[in-house]
Amino acid sequence: MQKPGMRELVGRAMVDPEFLATLVRAPQPTLAEYELDDNERAAVLQAVQRLVATPPTRRSGAFQSAMVRRLAT
């Protein structure tokens with residue numbers, strides 16, 4: 001069975017605040033559940049690093065903005 005990919009990760013992070021909090025708190029083990037290439041993994045980790053300083057109530061929107069820019073390029 002194939003692991004979920006980038007779209008599933010971004011979608012889940014946008015709708016599941018607990019998942020997003022886990023991603024911020026422990027990104028490596030959380031990302032291990034997803035099939036990402038090196039560029040995707042780097043983009044997610046970069047976005048997550050920025051979220052550490054973002055208030056929890058604004059994290060979903062900030063993550064979404066960062067990932068939409070990444071996916072659009």
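**A helical core, helix by helix**

In helix H1, four residues are buried: Met6, Leu9, Val10 and Ala13. Their directions span an arc of only 95 degrees around the axis, so they lie on the same side of H1. An α-helix has 3.6 residues a turn, so residues three or four places apart point the same way. The face of H1 turned away from this buried side carries Arg7 and Val15, both exposed.

This is a predicted model. The protein chain has an average pLDDT of 90, and 95% of the residues score at least 70. Confidence varies by element. Helix H3, residues 27-31, has the highest mean pLDDT, at 96. Helix H5, residues 59-72, has the lowest, at 82.

Val15 deserves a second look. This valine belongs to helix H1. Its relative accessibility is 66%, over the 50% cut-off, so Val15 counts as exposed. Val15 and Val52 are 37 residues apart along the chain, and 18 Å separates their C-alpha atoms.

Now move to H2. Here the buried residues are Phe19, Leu20, Leu23 and Val24. They cover an arc of only 140 degrees around the axis, and therefore sit on the same side of H2. Glu18 and Arg25 are exposed on the other side of H2.

Next comes the partner of H2. Two packed helices are described by the angle between their axes and the distance between the axes. For H2 and H4, the angle is about 95 degrees and the axes are 9 Å apart. H2 is therefore roughly perpendicular to H4. Three residues of H2 take part in the meeting: Leu20, Leu23 and Val24. On the H4 side they meet Val44, Val48 and Leu51. Leu20, Leu23 and Val24 are also among the buried residues of H2.

The chain then leaves H2. Ala26 lies in the loop between H2 and H3. Its relative accessible area is 25%, so Ala26 is partly exposed. Ala26 and Phe63 stand 37 residues apart along the chain, with 15 Å between their C-alpha atoms.

What does the largest nonpolar core contain? It has 20 residues. Those with the most contacts inside it are Leu9, Leu23, Leu31, Val44, Phe63 and Met67. Four helices each supply at least two residues of this core: H1 (6-15), H2 (17-25), H4 (38-51) and H5. H4 gives the most, with six residues.

Two of the core residues show how the pieces join. Start with Val44. Setting aside residues up to four places away in sequence, Val44 touches Met6, Leu9, Leu23, Leu31, Phe63 and Met67. Leu9, Leu23, Leu31, Phe63 and Met67 are, like Val44, listed among the residues with the most contacts inside the core.

Then take Met67. This methionine is located in helix H5. Is Met67 buried or exposed? At 1% relative accessibility, Met67 counts as buried. With residues up to four places away in sequence again left out, Met67 touches Met6, Val10, Ala43, Val44 and Ala47. Met6 and Val10 are among the buried residues of H1. The C-alpha atoms of Met67 and Glu40 are 9.5 Å apart in space, although these residues are 27 apart in sequence.

One stop remains, outside the helices. Ala53 is in the loop between H4 and H5. Its relative accessibility is 74%, so Ala53 counts as exposed. Ala53 and Gln64 are 11 residues apart along the chain, and their C-alpha atoms are separated by 16 Å.

To recap, H1 and H2 each have their buried residues on one side. H2 packs roughly perpendicular to H4. H1, H2, H4 and H5 each supply at least two residues of the largest nonpolar core, and H4 gives the most.

Terms used
Residues numbered from 1 in each chain as written. Predicted model: local features only at pLDDT ≥ 70, side-chain atom pairs only at ≥ 80, totals over all residues. Heavy atoms only, no water. pLDDT = per-residue confidence, 0-100. Core = buried A, V, L, I, M, F, W, Y, C linked by side-chain atoms within 4.5 Å. Buried < 20%, exposed > 50% of the residue type's maximum accessible area, 1.4 Å probe, protein only. Contact = heavy atoms within 4.5 Å. Arc of directions from axis to C-beta. Axes fitted to C-alpha atoms, helices over the stretch in contact; angles between N-to-C directions. Parallel < 35°, antiparallel > 145°, perpendicular 65-115°, else oblique.
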